[in-house]
2 protein chains.
Amino acid sequence: MCGGADSEPRISNRTAYQQCHEKQKDDEPHYASRAEMELAVEEIRKALGEDAVSIEDEILHSHGYSDWSTINIERLPVAVAFPKTTEEVAAIAKICHKRRVPMIPYSGGSSVEGHFSAPFGGVSVDFVNMNQILDIHSDDLNVVVQPSVPWMDLNEKIKDTGLFFPIDPGPSAQIGGMVGTNCSGTNAVKYGTMRDWVVNLTVVLSDGTILKTRRRPRKSSAGYNLNSLFVGSEGTLGFVTEATLKLAPIPEHTGIAVVTFPSVKAAATMAIEVIRRGIPISAVEILDEVLMSVINRMGATSRKWKEEPTLFFKFSGSDALVKDSIIQVQTISKKHHANGFQYESDPEKQKALWSARKEALWSMMALRETDGHVWSTDVAVPLSRVSELIDTSKKELVELGLFGSILGHIGDGNFHETILFEEKQRKEVEGCVHKMVSRAIEMEGTCTGEHGVGLGKKEFLREEVGEVPIQVMRAIKTSLDPLWLMNPGKIFDRRD
Amino acid sequence: MCGGADSEPRISNRTAYQQCHEKQKDDEPHYASRAEMELAVEEIRKALGEDAVSIEDEILHSHGYSDWSTINIERLPVAVAFPKTTEEVAAIAKICHKRRVPMIPYSGGSSVEGHFSAPFGGVSVDFVNMNQILDIHSDDLNVVVQPSVPWMDLNEKIKDTGLFFPIDPGPSAQIGGMVGTNCSGTNAVKYGTMRDWVVNLTVVLSDGTILKTRRRPRKSSAGYNLNSLFVGSEGTLGFVTEATLKLAPIPEHTGIAVVTFPSVKAAATMAIEVIRRGIPISAVEILDEVLMSVINRMGATSRKWKEEPTLFFKFSGSDALVKDSIIQVQTISKKHHANGFQYESDPEKQKALWSARKEALWSMMALRETDGHVWSTDVAVPLSRVSELIDTSKKELVELGLFGSILGHIGDGNFHETILFEEKQRKEVEGCVHKMVSRAIEMEGTCTGEHGVGLGKKEFLREEVGEVPIQVMRAIKTSLDPLWLMNPGKIFDRRD
């Protein structure tokens, strides 16, 4: 068990994922005792006000446990703090630093790898009160935001500028966590990932020092790229309290095409040819036949879909560009034995056509039994290997009698496997996921293309990069957070 | 003077830039003495062979001094080593680490900020023998290269794959240095900068440890982004000995347009509107009226150009896309009072039309008097401020009686000022550059958009980001290179 002193709040009825434990016990004496943590909480309350801290069971539970996560542990944070400003975050950090209390950033809470769990207790810092757009520099194509701005809200609020923020992970994601995991989504094949859209960050380090990485240039070669170091560091190096993000012009026209294929291989090969030929698409998503059938079964959309491997293409730009791209994609799809091709340019009809992609995960979730679990994981491999990996992974699911589907950002070689299972099948699921991740790594891929490592993929990260990069990451972590107070136990452990 | 023991090789007749000195003297005792450095060189010679090291004056000079640089110092490296493999680089590092000898990476040597100068002596490590393309993964759209591959050669050698590497700094730049400075060029407005194209790096750390940052996924959220930390670290964290780079499909069609304007402001405002509206250009460069007149005067191209602020646009993609973009750009240019618009789609004629852009810097250089100097610097600011900064900077040149021109990657808010001067004008030039950089910083910009900090812009970096980011960079540096052996004295000093 990944727990601490007996007086800690705990979740019962949950088994913890095996990898999380023995090593972390070694770190226990290093951190404050339960009693000392409570003193820190008292100090934070005094500094920030009564309402700024909660120790309610339900709040602690929602900040240490997630139904979405592949991993949950028994321990919970001892308190949740709700700062309103960067200075208040710095005040929390100073108090926790003085008393050696772990600090865990929390924004949208949509992590699937236990990013906000509290293996050493400590204080969860929830940015819910820091959810403002601070500045819109539309002539510079950037915007200054606080960490709890949801990306979808941001786009709604700035749409009159003709600009948008193109990184599109799950709908509940917020900027802070998106920075933490270097997230992406369907638009990544055109627009890249989170790190490509960060102009500067304001970060509170573990001792309360406030750091602003840069000013607002669109590009810079001045000094180490601290933006890209904090992006993807999963809160282990500091709290992001403000971010300047680049924006892109909203495309004039868009189009959606849905193309079905006799096999995953045909679909994947076709998608890769589109990328290889440089046809300007803004998304290409693959849904396997299982997922298409789930969407039909759950009636999540207004139409009936072919239950075959399907590619969902998005196009955007000028009218001429969209039309031209569509024609090229249709021509290539025929070469790869597509057996269905539907295209829409009308905005309302586009929504209907994209609806299967949009409802895919929700349809899977809706299928879950009352006591059932979901395991949602992601890997990414070089493009030439992606269809082989999807095929093998699907076969393994079947062989183990597991029910799972595949959804992929195939233009990036990145896909998700979502498995529904009962508690008694947990071992099989873990084994199946491990095999898929190991195979991705053998194919020169990565254990996670966009979800991050968190608590759940630490051993996979080691398998992927080996010892030296982890030692280097540890050295960097230690240099910025010598007491290992920031989100400890995530990405890698303090000791082997 | 930024020099060491008297027995060091020195360049005479060169004044050193003031900022480089007193602080560095403090670091002297920390490093090996001249005699100890020579012992290290002897050891390297034994380990790598007679030919692997040179101490010839001319070789030392070319590895410690550059005509292109805004800054040169008197001291030179004590030797230049020429490793052939990553393992040989590691052997050099181990020897130098043991004896506390500074190590300075060297590839294309086209730095303008003293990146390969040797303020503490030490060994320059020239990658000239590591200039191979090791693997072309055309189906994955990536390529594995050694650090001394010139980007232009790379593109020539892989052109049959239909792919290219889109980062285009000066023609003599090589991959190692391009990684070091996070360089970019005319294509950045479409393709981004060096850091966006690095899939993984093999790096030799200061103690000889060999690190491979990742495998070959197109995207990843697994652990800290070590790629982006090493990209732009100017050789201060380790030697890059191998890089996997993303490639892009060669566009089917291209087009070039040249548009003249009555003022820099009109040109800049027009360019920004093109960006703001998301018209897919692949480059937009500004040349001021001075530069256009220099090109005419030097007869570097086969035509006569209007001597007015001029925008050079590149378009690329499908025929339809290129045609469509051109029409949109022409329409916008009229709105901004363009007084000339020329477009070419024929490849040979495109070359002629782009020739002014291509020959711009060479024409400036050719104007230089025998004993004359050139100061080439760059800054980047938010888009809305760029025309104001160019205008003010041009006025200041005139007021000081200096001769300089402006060339900018205006879509990134990034431009270069190139000043020709005599030795007696050095103080004025320094003052003029300082003013421009300070103004860029006040406008929330950066002291360098693509050249890097090197030895020349350390004080500007401090002015730009302040103390905390530099302390953070220092902490990271110390964590990976505790003895400060890797390219010391660049980006920031060990002590204030």
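Q: How much area do chain A and chain B bury between them?
A: Let's start where the two chains of this predicted model meet. Of the area buried there, 57% is on carbon and sulfur atoms. For chain A and chain B together, the buried area comes to about 6,600 Å².

Q: Which residues of chain A lose the most area to chain B?
A: Here we look at the chain A side of the contact, which takes 87 residues from chain A and 87 residues from chain B. Three residues of chain A lead the list, and together they make up 15% of what that side buries. They are Lys219(A), Tyr224(A) and Arg276(A).

Q: Which residue of chain B meets the side chain of Lys219(A) in a salt bridge?
A: Between chain A and chain B, the count is eight salt bridges. In one that involves Lys219(A), the N to O distance is 3.4 Å. The partner on the chain B side is Asp412(B).

Q: Is Phe116(A) buried or exposed?
A: First, find Phe116(A) in the loop between strand E3 (103–106) and strand E4 (123–126) of chain A. Beyond its neighbours within four places in sequence, Phe116(A) is in contact with several residues, including His63(A), Tyr65(A), Ile104(A) and Lys490(A). Its relative accessibility is 8%, and the cut-off for this class is under 20%, so Phe116(A) counts as buried.

Q: What distance separates the C-alpha atoms of Phe116(A) and Arg195(A)?
A: Along the chain, Phe116(A) and Arg195(A) are 79 residues apart. In space, their C-alpha atoms are separated by 20 Å.

Q: Which strands are the edge strands of the open sheet in chain B?
A: Four strands of chain B form this sheet, in the order E1-E2-E4-E3, and the pairing is mixed. An edge strand here pairs on one side only. That description fits strand E1 (53–54) and strand E3 (103–106) of chain B.

Q: Which residue in E4(B) is the bridge partner of Pro105(B)?
A: E3(B) is joined to strand E4 (residues 123–126) of chain B by four bridges, and these two strands run parallel. Follow the bridge from Pro105(B) across to E4(B), and you arrive at Val125(B).

Q: Which residues form a nonpolar patch on the surface with Trp68(B)?
A: Trp68(B) sits in the loop between helix H3 (57–62) and strand E2 (79–81) of chain B. Its relative accessibility is 31%, so Trp68(B) counts as partly exposed. The patch has about 260 Å² of accessible area together, and the residues that join Trp68(B) there are Leu361(B) and Trp362(B).

Notes: Residues numbered from 1 in each chain as written. Chains lettered and ligands numbered in written order. Predicted model: local features only at pLDDT ≥ 70, side-chain atom pairs only at ≥ 80, totals over all residues. Heavy atoms only, no water. Patch = residues over 30% accessible without salt bridge, like charges linked within 9 Å, V, L, I, M, F, W, Y side chains within 5 Å. Areas by Shrake-Rupley, 256 points an atom, 1.4 Å probe, with all protein chains shown as cover. Salt bridge = Lys/Arg side-chain N within 4 Å of Asp/Glu carboxyl O. Buried < 20%, exposed > 50% of the residue type's maximum accessible area, 1.4 Å probe, protein only. Pairing = 2+ DSSP bridges. Contact = heavy atoms within 4.5 Å. Buried area = accessible area lost by both parts, 1.4 Å probe.
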